[in-house]
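Trainee: I should like to understand how the descriptive terms for a structure are justified. May I put some questions to you about the one shown here?

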Amino acid sequence: MNSLRRIWALAIKEFQALLRDKKSRFVIVVPPVIQLLVFSFAASFDLNHIPLAVYDEDRGSAASSLIARFSGSGHFTLSAPVHNERALQHRIDEAQALMVLHLPADFSRQLHQNGSAPVQLIIDGRNSNTAAIALSYANRIVDQFNTDWAQSHHLPNPPSVLISRAWFNPNLESRWFIVPGVVGLLMLVVVMVVTALSVAREREQGTFDQLLVTPLHPAEILLGKALPGLLIGLFEASLIVLIAVYGFQVPLLGSLTTLYAGIALFLLSATGVGLMISALSATLQQAVLGVFLFLVPAIILSGFATPIANMPPLVQELTLLNPLRYFMVILRGVFLEGAGFNELRNQFWPLAVIGVITLLIAGWLFRHRMN
Amino acid sequence: MTKSMSETMTEAMAAAPLLHAEQVSKSFAGMARAALNAVSLCVPAGAVTGLIGPDAAGKTTFMRLCCGLLRPDAGRITVLDRQIGRDDAAIQAEIGYMPQHFGLYEDLTVAENLTLYADLHSVPQAQRPDRFAQLLDMTQLGHFTTRLAGRLSGGMKQKLGLACTLVQPPRLLLLDEPTVGVDPVSRRELWDIVYRLVATDGMGVLLCTAYLDEAERCQQVVLLHEGAVLGSGHPADFTAHLNGRVFGVRGAANQRRALQTQLRQRPEVRDAVIDRDRVRVLLAPNTAPPANAAPPWVPLAPRFEDAFIDRLLEQATQRHPPMQVAARPEPSALAEVITVSNLSRRFGAFVAVDQVSFAVRRGEIFGLLGANGAGKSTTFRMLCGLLPASSGQLSVAGVDLRTAAAQARARIGYMSQKFALYEVLSVEQNLRFFGRAYGLNRQRLRERLDWALNEFGLAPLRQQNAGLLPLGFKQRLAMAAALLHEPDILFLDEPTSGVDPLERRAFWQRIDALANAGVTILITTHFMDEAEYCDRMIILSQGRILIEGSPAEVRAGARRPEQPDPSMEDAFIHWISQPAAPEHAA
């Protein structure tokens, strides 16, 4: 009872310290919302305005029909046509065009005579990711052109036809993939900032000693310090989930219970890591550096943007220590798959383990860190 | 020496002053009163001008204005015949300014720091060997040229800072609290250096300090209080009108504090402080000492501090009645509340505390004294359970606070060297938090909160952020927070550093009341006159106890033919200059 009262007193003090200060109030609310908007609008794998130049030596109707399919696809923007090899090279070199569609002089003739004709695509491969995506769009357009040409000219269809269906995200909208990930990203940032600075700030200002000479037990300090991070994280998570569902129209197929179970466990582990960094640091500056050193790898190794399966085996094993990795699976699972508690079991328990271990270390460090 | 100095002074006074400030005012946004209000003063060549005043009097602001680091709101400052605000770079090149926290590079050695400052001031290579030798000789840092600045003691750092300021000999030297946080030995050494600069180079020095006893070392004093000049002139001018109003009353050795409290209650007594074996009394104007009093009242020569207190009290603050403290229950057996035996603490190869043993009895005020880096704070932190001991035993109220149950800590109160409450929280929020942390229930918390707000005069400030309080009020708040839960033992780490003399008097009055009620008090301090308030004390040097005893015993041990009645500061210097301390050996 007494212990609860002391923990509560500390938690209230932490909230007062956070909320009385205009700057820290601002830091908790405004940057996450801005980041959510920026990430969600700006971070997209979809290409919509690929600058395309056409070098049309053929000028036949078949050629114009193929070019029209490119310009009408919505992915490409046609720039001024190219008239010779030199100009073609120049366009790519100066990055004025990402892709050049080259139709040789006898394109239409060959197509009419043989039913097939070569088309050349020259692509700027400096950004391999963008190039691959643009190439896949071009492939799809040419495939469709082939099928339609075969039908309209009564040619035999190709032996097998690929009909693809994307499950969970039928239109392969990258926003559906990114926004749930942003929920995890922002929660991690906010919770780390709130918790990692709390102990370090007190150490730097000398108030931590004052706290240690009160009857507060390290476990009580730990809980009192963890509560504000957990509650603020919960508030932010709810806010971001609301914006994701109602603002960005990302479907939330799974149950809220599963989602909040994941959020709670993730908050526990993020708070643990934050407090551990804070307890290790002697000054605010060290804590800020510590957070930075943790955040960047945590985001890159989380599967937020690049799949973990693509990483070298050793790095893949390293990601097992990263709480965000598990939370990403939970978020995407609950949002897009409607996954339930059982399917996500193996994501839940590692979060709990990371949370408990880091909190224990933080609590031990309160008293044992040497000055 | 005095004669030659007063001669140089009269000559210099006649010449144009090096620095001349007229009606200078400066305010900062968000502060209730102006930092400086129409301050005028002159700094002559060949003399030390002291800018004396408690913390937050505006001393540092004035110094920064004189260097062109801040712009005054009104008024004019002329430095070396140039007006500040026009050609500040030229002025800055010709003056020497040592701010409170001088920018020494802690990862560079003493010699590298000197070279760096010589480079910054473009001192020609040819002049450097001579100049460096001279500076190192003057500051006695010659043996430490290869030591990292970060590894020097507080006093040595200040001396190195001064040496770096002097690489290019300036005509005007501005020193901002050069002696703050410096032990008495280093303080004396710093003053000797300043005197030598004035005597040999004819430099003009403006020095600001919160130590009132340092005022008497200046040739000219400007008294600053709350941003306004209270008076200026030769130190003796301030005390002249106090002749016949200062007396010493001698009481029994262990009754001094009781006698002081008793004297303070008399209507004609304006101030009473403990000074060696007697109580020093300042009478209100036009009053006389009681006739045939026993013990007798012996007239004393007035000191600068008497004059300062007299001026402040003229501005009328009502007298505070002694604090009411509930007597602590007599313990059944434990007469010795704190015991320490063979306590040691090592940091790597460095031994910070070496085999220290002492005991503190219930209701005693016990002082922990020592030069910078003597091991005071380390011992203190071990006792509070903030730092584990390397070896030895210690017990506070029968337990080791580091390993004892959390509840044992509820019996102690702690006040750290730096203000260590939450600055963004209000006064009341701070008190409520600490009350709850010590487990006071709702009813009790309300009672103690009312008590604290009234006793410490914090009621009008209860909603204010603790960080914005003036220093004296911060100290009161810290003490209120430490006393909310009525601890039996109080740990105070340099509680009065930087606090003005009136506030210090109120502080010691409270400590006295607490000790009388049976609270045990362990205190560290840099103010030697405050050590007189202790019942017993130890002086530490290099981690070892040099002497343990009552103030009278410590003074008696330092008695010498040439020093028949040493003050506590004399005694302190005597003890730590014993052969065991090579860094301070002359």
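Trainee: What makes strand 1 (residues 50-56) and strand 3 (residues 99-103) of chain A a pair?

Mentor: Strands are DSSP runs of E of at least two residues, and helices are runs of H or I of at least four, numbered from the N terminus. Two strands pair if DSSP finds at least two bridges between them. Strand 1 and strand 3 of chain A share 5 bridges in the parallel sense, so they satisfy the rule of at least two. One bridge joins Leu52(A) to Met99(A) in strand 3 of chain A. Please note that the model is predicted: local features need pLDDT of at least 70, side-chain atom pairs count only at pLDDT 80 or more, and totals for chains, interfaces and linings use all residues. Residues are numbered from 1 along each chain as its sequence is written, while chains are lettered from A and ligands numbered from 1 in the order in which they are written.

Trainee: Why are strand 2 (76-78) and strand 4 (120-123) of chain A called edge strands?

Mentor: The open sheet has 4 strands in the order 2-1-3-4, with mixed pairing. Strand 2 and strand 4 of chain A each pair on one side only. From one strand to the next, the twist averages 30 degrees. Helix 4 (residues 85-93) of chain A lies across strand 1, strand 3 and strand 4, at about 160 degrees to strand 3 of chain A. Such angles run from 0 to 180 degrees between N-to-C directions, with axes fitted to C-alpha atoms, for helices over the stretch in contact.

Trainee: How do you know that chain A is not a compact globule?

Mentor: The radius of gyration is taken over C-alpha atoms, and the globule rule is 2.2 Å times the number of residues to the power 0.38. For 371 residues this gives a value near 21 Å, but chain A has 28 Å. The C-alpha atoms of chain A fill a box of roughly 95 × 45 × 40 Å along the principal axes. Chain A is also divided into domain 1 (2-43 + 174-368) and domain 2 (50-152), with bounds from an automatic or database domain assignment. The C-alpha centres of these domains lie 48 Å apart.

Trainee: Why is Glu177(B) called buried, whereas Ala397(B) is called partly exposed?

Mentor: A residue is buried if 20 or more other C-beta atoms, placed from the backbone, lie within 10 Å of its own, exposed if 12 or fewer, and partly exposed in between. Glu177(B) has 24 such atoms and is therefore buried. Ala397(B) has 19 C-beta neighbours inside 10 Å, so Ala397(B) counts as partly exposed. Gly248(B), with 17, is therefore partly exposed as well.

Trainee: What makes the phi of Glu177(B) worth noting?

Mentor: Most residues other than glycine have a negative phi. The phi of Glu177(B) is near 45 degrees, a positive value. Glu177(B) is in the loop between strand 7 (172-176) and helix 7 (184-201) of chain B. Ala397(B) also has a positive phi, near 50 degrees.

Trainee: What makes residues of chain A and chain B count as being in contact?

Mentor: Two residues are in contact if their C-beta atoms, placed from the backbone, lie within 7 Å. By that rule, 21 residues of chain A touch 23 residues of chain B. Helix 1 of chain A gives the most to its side, with 8 residues.
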